[in-house]
Amino acid sequence: MPKKVLIVEDENNIAELLHLYLEKEGFDTAVAKDGGKAVELFRSFHPDLVLLDIMLPVLDGWSVLAKIRQENN
């Protein structure tokens, strides 16, 4: 079973590049373009790793991290 990576990035070029390279290496990926969607995807996708941008719309990366840590280590 491939490891899951959640990419949280609002810049399309960076998000797409990370997505393509990680999938090429065999990872299962999901992409969130804002902090609110990142928290939703974290709850439903259950990633092994989160690549988290700090400057995001809706919720900044620090707030996303705080919400994730409240629910999971």
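**Helices, core and one charged end**

Q: How far from the centre of the ring of F45 is the charged end of K4?
A: The model is predicted, so local features need pLDDT of at least 70 and side-chain atom pairs pLDDT 80 or more, while totals for chains, interfaces and linings use all residues. Residues count from 1 along each chain as its sequence is written, and side-chain values use heavy atoms, leaving out hydrogens and water. To sit over a ring, NZ of Lys or CZ of Arg must be within 6 Å of the ring centre and within 35 degrees of the ring normal. K4 does that with F45, and the distance to the ring's centre is 5.1 Å.

Q: Which helix supplies the largest share of the largest nonpolar core?
A: A nonpolar core here is a set of buried Ala, Val, Leu, Ile, Met, Phe, Trp, Tyr and Cys residues joined through side-chain atoms within 4.5 Å, and the largest one has twelve residues, including L6, A38, F42 and V64. β1 (4-8), β2 (28-32), α2 (35-45) and α3 (61-71) each give at least two of them; helices (H or I, at least four residues) and strands (E, at least two) are DSSP runs numbered from the N terminus. Five core residues, the largest share, come from α2.

Q: Which residues does A38 touch, not counting those up to four places away in sequence?
A: A38 is itself part of that twelve-residue core. With contact taken as heavy atoms within 4.5 Å, the list for A38 is L6, V8, A32 and V64.

Q: Why do the buried residues of α1 lie on the same side?
A: The buried ones (under 20% relative accessible area with a 1.4 Å probe, protein chains only; over 50% is exposed, in between partly exposed) are A15, H19 and L22. They end up on the same side of α1 because, going by directions from the helix axis to the C-beta atoms, they cover an arc of only 80 degrees.

Q: Which strands do the buried residues of α1 pack against?
A: On the other side of α1, N13, Y21 and K24 are exposed. The buried residues of α1 pack against β1, β2 and β3 (49-52).

Q: Is W62 buried or exposed?
A: W62 belongs to α3, whose buried residues are G61, V64 and I68. Those fall within an arc of 60 degrees, so they line one face of the helix. The face turned away carries W62 along with R69 and Q70. At 57% relative accessibility, W62 counts as exposed.
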